[in-house]
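Please look through the sequence and the model shown here before reading on. The paragraphs after it are meant for someone meeting this structure for the first time.

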Amino acid sequence: MENIVYLDNAATTPVNKEVFEAMKPYFSEIYGNASSIYKFAGKATNAVDEARRKVADFLGAEPAEVYFTGGGSESDNWALKGTAYALKDKGKHIITSKIEHHAILHTCEFLEKQGFEVTYADVDENGVVKLDELEKAIRDDTILISVMYANNEIGTIQPVKEIGEIAHRHGVLFHTDAVQAYGHLPINVNEQNIDMLSASGHKFGGPKGIGILYVRKGINITPLIHGGAQERNKRAGTHNTPGIVGFAAATTIADNEMEYRIEYETGLRDYLIDRVLEEIPYTRLNGHRTDRLANNVNFSFRFIEGESLLIMLDRSGICGSSGSACTSGSLDPSHVLLAIGLPHEIAHGSLRLTLSHENTKDEIDYTIEEIKKTVERLRSMSPLYEDFLKNR
Amino acid sequence: MSQVLEYSEKVMDHFANPRNVGEIEDAAGVGTVGNAKCGDIMRIYLDIKDNVVQDAKFKTFGCGAAVATSSMATELIKGKTVEEALGITNKAVMEALDGLPPVKVHCSLLAEEAIHAALWDYSQKNGITIEGLKPPVADISEE
């Protein structure tokens with residue numbers, strides 16, 4: 001494999017080798033349909049049951065509250081549409097935030113076309129949802145609050161427990177998109193007042209194409225996928241046994257190593273942040289300085305554009321991502337960066353690097369040097385920088 | 001989030017090794033187009049003597065395609081008469097780069113507009129009329 005420095009772990013992660021080993025038998029050996037009656041399929045059924053127990057343990061939930069899905073986007077769609085359909089006679093108002101993933105925002109836009117009303121709560125300059133505004137937005141017909149656990153672009157961690165408290169005080173359900181947090185931060189659905197939670201396997205060393213939706217006992221949401229009795233009649237489709245086993249194995253490993261990973265990644269993250277802010281002028285860190293995911297770094301470099309920066313870094317073997325318009329195929333830069341108050345031109349110059357416990361300090365040193373060179377080079381080509389220097 | 005690597009080899013070459021980056025002091029004509037809000041600004045400097053473009057330089061804030069089209073546009077314009085320079089279209093820039101992804105075509109329009117803006121500046125400074133040249137649109141991205 002070519003030599004790369006992979007710093008896009010919020011996009012996806014490699015499947016952990018132990019996880020892969022755990023999954024292997026379920027492709028060609030224990031291939032039975034987990035819903036079949038005969039003994040041969042029983043091993044697959046047991047594997048799915050065991051996996052559900054492991055996931056429930058991690059969440060502080062009961063196995064019957066965990067539903068396997070096709071991934072984070074499906075879980076988000078299901079939580080929102082399923083709640084909307086089930087409670088439409090109670091109310092048609094949903095509250096979410098301006099910095100959600102598109103799996104939430106686009107689903108909300110879809111529901112608005114179906115006659116639901118959605119309030120998009122503001123965030124502060126660090127990307128933290130404003131709790132007083134959130135509470136004020138609650139109406140008699142509000143049926144659901146959905147706020148992400150941690151943001152995928154700027155890493156800011158939300159006060160999930162407090163949001164859940166507010167929701168429950170008003171008799172409103174609380175869903176959290178925990179796709180970036182699951183496997184990276186401790187979660188306890190009861191202590192944190194969470195009614196529904198989405199997670200995705202490939203964000204923490206598990207495989208792609210598998211996710212979960214936690215749904216608190218007693219909450220009855222309408223199914224999204226029809227066609228079979230799987231997942232207690234709530235989510236049709238033959239169980240993805242290898243995926244389910246992989247999701248659970250990755251959960252257990254992430255749980256066991258969590259303390260170490262958080263400490264290690266935080267150390268690398270802070271080293272990267274401190275050096276870049278120190279050594280590259282006209283640079284800002286986006287997101288909360290401390291209440292952020294241990295692996296997330298998001299900078300804006302003034303006077304340059306993010307896609308150029310990404311391509312140059314790619315040529316140096318560094319994989320990152322950007323909130324620039326050019327990488328999203330639209331004219332607008334990231335909705336998250338605009339929501340925290342960045343002007344368009346500064347939002348265009350953003351760079352997100354998301355680390356893992358497998359990154360080394362050498363890799364980070366190399367990355368810092370390459371960023372410095374590239375930013376300097378692109379600034380020397382930038383008419384904005386030229387004007388800035390002349391007008392200084 | 002990424003769709004950046006559908007660029008031709010020529011685009012990548014002109015992005016990684018852009019020709020004619022820089023400024024020309026006391027340039028005969030300077031044109032700046034685009035806006036930072038939409039993520040692209042191009043500035044082209046022209047040195048013109050005896051109705052011929054002697055030299056061209058650029059500075060660009062923008063994506064890989066914006067840099068590559070600026071680089072190619074300055075290459076194409078050098079040595080051309082003012083009339084020939086006016087005839088350099090976005091299509092010619094794109095073809096010279098072996099094409100651009102559809103979402104990046106606006107970058108080549110920006111390059112054409114930057115040339116026009118620089119020629120306009122030249123015509124204004126020298127009180128001459130260039131047949132077929134219209135005043136530049138200040139902000140083509142609002143189209």
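What follows moves from the chain as a whole to one pair of packed helices.

The model is predicted, and its chain A contains 14 helices together with 12 strands. When the C-alpha atoms of chain A are enclosed along the principal axes, they fill a box of roughly 75 × 50 × 35 Å. The radius of gyration of chain A is 22 Å, which agrees with the value near 21 Å that a compact globule of 392 residues would have. Of these 392 residues, 53% count as buried. Considering the contacts in chain A between residues at least 6 apart in sequence, one finds that 71% join residues at least 24 apart.

Two packed helices are described by the angle between their axes and by the distance between those axes. In chain A, helix H4, covering residues 72-87, packs against helix H5, covering residues 102-113, at an angle of about 30°, and their axes lie 9 Å apart. Because angles under 35 degrees count as roughly parallel, H4(A) is roughly parallel to H5(A). The crossing of H4(A) and H5(A) is right-handed.

On the side of H4(A), the contact is made by Gly72(A), Ser73(A), Asp76(A), Asn77(A), Leu80(A), Lys81(A) and Ala84(A), while H5(A) contributes Ala103(A), Ile104(A), Thr107(A), Cys108(A) and Leu111(A). Sorted by class, the residues in the contact of H4(A) with H5(A) comprise six nonpolar, four polar and two charged ones.

Key
Residues are numbered from 1 along each chain as its sequence is written. Chains are lettered from A and ligands numbered from 1 in the order in which they are written. This is a predicted model: local features need pLDDT of at least 70, side-chain atom pairs count only at pLDDT 80 or more; totals for chains, interfaces and linings use all residues. Helices (H or I, at least four residues) and strands (E, at least two) are DSSP runs, numbered from the N terminus. The radius of gyration is taken over C-alpha atoms; the globule rule is 2.2 Å times the number of residues to the power 0.38. A residue is buried if 20 or more other C-beta atoms lie within 10 Å of its own, exposed if 12 or fewer, and partly exposed in between; C-beta atoms are placed from the backbone. Two residues are in contact if their C-beta atoms, placed from the backbone, lie within 7 Å. Axes are lines fitted to C-alpha atoms, for helices over the stretch in contact, and angles run from 0 to 180 degrees between N-to-C directions. Angles under 35 degrees count as roughly parallel, over 145 as roughly antiparallel, 65 to 115 as roughly perpendicular and the rest as oblique. A crossing is left-handed if the near helix is turned anticlockwise from the far one by less than a right angle, and right-handed if clockwise. Ala, Val, Leu, Ile, Met, Phe, Trp, Tyr, Cys and Pro count as nonpolar, Asp, Glu, Lys and Arg as charged, and the others, Gly among them, as polar.
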